[in-house]
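This briefing looks at a pair of helices and at how they sit against each other. Have the sequence and the structure at hand while reading.

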Amino acid sequence: MDNELIKNDNEINTIFDNIKELVINSRNKVYSAVNTEMLKLYWNIGKAIMEIQQGDERASYGDAVLEKLSQKLTNEFGKGFSKRNLERMRKFYIYFPIATTVSSQLSWSHYLELIKIEEETKRNF
């Protein structure tokens with residue numbers, strides 16, 4: 001009887017390990033897909049803001065536009081659209097104006113660190 005329990009435990013452990021690997025792999029794929037879509041979204045929001053401001057990130061009305069836009073987006077979609085975040089999305093687009101140069105290997109947090117670097121050569125490194 002003890003041998004049967006041990007055999008069953010080994011089988012269960014093997015099945016568990018297989019399922020665990022499946023779950024981890026799927027979660028990683030989901031995270032990667034979500035990250036890629038978030039980066040595309042934030043890049044496109046930055047682009048839309050720059051188009052409204054006609055390429056001038058210091059447009060005199062820029063602060064008021066971002067403030068109103070932030071309020072409307074936050075009311076519609078919840079947190080994540082503060083004026084500061086919209087400014088970051090705009091900067092993200094300015095620093096990485098070609099969508100294909102945005103790497104989905106990096107997360108939004110990584111890009112937030114990169115956009116803090118003012119000097120282009122250092123940022124690109």
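**Two helices in contact**

In this predicted model, six residues of helix α2, namely D63, L66, E67, L69, S70 and L73, meet K83, L86, E87 and R90 of helix α3. The points below cover how the two helices cross, then each helix in turn.

**How the helices cross**

- The axes of α2 and α3 come within 8 Å and cross at roughly 115 degrees.
- Angles of 65 to 115 degrees count as roughly perpendicular, and α2 and α3 are therefore roughly perpendicular to each other.
- The crossing in which α2 passes α3 is right-handed.

**Helix α2**

- Helix α2 runs over residues 62–77, which makes 16 residues.
- From its first C-alpha to its last, α2 reaches 21 Å, close to the expected 22 Å.
- Buried in α2 are G62, L66, S70 and L73.
- These buried residues lie on the same side of α2, because they cover an arc of only 80 degrees around the axis.
- An α-helix has 3.6 residues a turn, so residues three or four places apart point the same way.
- On the other side of α2, the exposed residues are K68, K72, N75 and E76.
- Just after α2 comes G78, with a positive phi of about 90 degrees.

**Helix α3**

- Helix α3 covers residues 83–95.
- α3 has 13 residues and reaches 18 Å between its first and last C-alpha, close to the 18 Å expected.
- Its buried residues are N85, L86, M89, R90, F92, Y93 and Y95.
- Among the buried residues of α3, L86 and R90 also take part in the contact with α2.

Technical notes
Residues numbered from 1 in each chain as written. Predicted model: local features only at pLDDT ≥ 70, side-chain atom pairs only at ≥ 80, totals over all residues. Heavy atoms only, no water. Helix = DSSP H or I, 4+ residues; strand = E, 2+ residues; numbered from the N terminus. Expected span 1.5 Å × (residues − 1). Buried < 20%, exposed > 50% of the residue type's maximum accessible area, 1.4 Å probe, protein only. Arc of directions from axis to C-beta. Axes fitted to C-alpha atoms, helices over the stretch in contact; angles between N-to-C directions. Parallel < 35°, antiparallel > 145°, perpendicular 65-115°, else oblique. Left-handed = near helix turned anticlockwise from the far one by under 90°. Contact = heavy atoms within 4.5 Å.
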